[in-house]
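Colleague: Please pick one part of this predicted model and go through it closely, after a short look at the chain as a whole. Give the cut-offs behind each term as you come to it.

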Amino acid sequence: MTPDSRILPRPAPSGSEPGARRKLTDRPWWPWLRRGATTVFFGLVGYLLVSQARTIEWGRVLSSLQDYPLSASWGAVALAAASYLLYSCFDLLGRHYTGHTLRAPTVMLLTFVSYAFNLNLGSVVGGIAFRYRLYSRLGLALGTITRVTSFSMLANWMGYLLLAGLVFSLKPPALPGSWQIDASQLRLTGLALLALALAYLGACAFSRQRTLRLRGHDIELPSLKLASLQMGMGAGNWLLMSGIVFILLLQRIDFFSVASVLLLAAIAGVITHIPGNLGVLEAVFVALLSQRMPRHELLAGLVAYRVVYYLLPLLVAAVIYLVMEARAKKPGRPGAALKP
């Protein structure tokens, strides 16, 4: 088996599904139901954002930002650099998994650019489109790019499952009474997430059938060592992100609570598909932690978090990307755009 044959998108054989097992998407009422559910959900999110925004004294937020201690930001900047460095190694796991031979510094630089754009513009633009564009210029086949991208994204979310499962099951955050879920239900959710993470490791360790077929795709399970590294790196990155928020909130809220709320906000952002989790992150933090810290100071810390973890890396990534594009357009220099 060649490295490029590990996860090949293969169309399902025609006629493999019985007529009685029609997909939901084939039913005429399904698109309307999906649109209706999406509209209701966005309406609830919009109501949450507007209701929270109306109760915030924005003048005091600006004043808090002006008085924000710069000394507190340096630790956050250091953790942000560590987080981006760690995430830039995610695609190195995919490099090992697929066996492609691009140099490690090139892969890390490309991953850094895609991650910065991913956070600010969404995964479709940043995490996927940028990887396909930049990797294809370096000569990787589309199937290899797909496997590298999938393996990197899986590292992020398997790490999330592990960390969120531990946090929610051990010490779930106190939720407002108006929410449709309480602490006991969140604890059960945490146990389910933890079970999924352990099931993935168990499959990688003990499954005799190493190649699985999922919706027409052949997927080869990684080794237990590689899967454990994948999950540990993903969880480590979420911990670094939590540490940045913890520092920028001036350590006035315990780290465990900050991590749990950040993990809740992350999944809310995925559901809403809002690029950069803009507004959702702030709304969740204000809803869950405003009783422990004044709202204007809480929002000042979150604005600082966006500057440190979103905007500054985006500026650096944009410059790097422009240099890549400029160098790639020079004749006779194929692949030169990504050489460090």
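Modeller: Buried residues, meaning those under 20% relative accessible area (exposed is over 50% and partly exposed in between, with a 1.4 Å probe and protein chains only), make up 44% of the 340 residues in the protein. The model is predicted, so local features need pLDDT of at least 70 and side-chain atom pairs count only at pLDDT 80 or more, while totals for chains, interfaces and linings use all residues. Residues are numbered from 1 along each chain as its sequence is written, and side-chain values use heavy atoms, with hydrogens and water left out.

The protein has 12 helices and two strands, which are DSSP runs numbered from the N terminus (H or I of at least four residues for a helix, E of at least two for a strand). Eight helices come before the two strands and four follow them, as the order α-α-α-α-α-α-α-α-β-β-α-α-α-α shows. Of the contacts (heavy atoms within 4.5 Å) with a separation of 6 or more, 71% join residues 24 or more positions apart.

The part I would look at closely is the stretch holding helix 5 and helix 6. Helix 5 covers residues 104–121, and its 18 residues should span 26 Å at 1.5 Å a residue, the expected span being 1.5 Å times one less than the number of residues; the end C-alpha atoms are 25 Å apart, which agrees. Helix 5 is mostly covered, with 13 of its 18 residues buried, and just after it Gly122 takes a positive phi of about 100°.

Helix 6, residues 123–137, has 15 residues and an expected span of 21 Å, with which the 20 Å between its end C-alpha atoms agrees. It nevertheless carries a kink of about 30° centred on Ala129, where the bend is the angle between axes fitted to the seven residues ending at a position and the seven starting there. Its buried residues are Gly126, Gly127, Phe130, Arg131, Leu134 and Tyr135. Several of these positions are three or four places apart, as in Gly127, Phe130 and Leu134; in an α-helix, with 3.6 residues a turn, residues at that spacing point the same way. After helix 6 comes Gly139, again with a positive phi, here near 95°.

The packing of this stretch is best followed from Val113. In the largest nonpolar core (buried Ala, Val, Leu, Ile, Met, Phe, Trp, Tyr and Cys residues joined through side-chain atoms within 4.5 Å), which has 82 residues, Val113 is one of the five that touch the most other members, together with Phe168, Phe285, Tyr305 and Tyr309. Helix 12, residues 295–328, gives this core its largest share, 13 residues. Leaving aside residues up to four places away in sequence, Val113 touches Phe130 and Leu134, and also Ala317, Ile320, Tyr321 and Met324.

The UniProt record, an unreviewed entry, places the feature "transmembrane region" at several spans, including 106–130 and 307–324; its positions are in the numbering used here, its feature names are shortened, and annotations may be inferred rather than shown by experiment. In the model, residues 307–324 are 100% helix and 0% strand, with end C-alpha atoms 24 Å apart.
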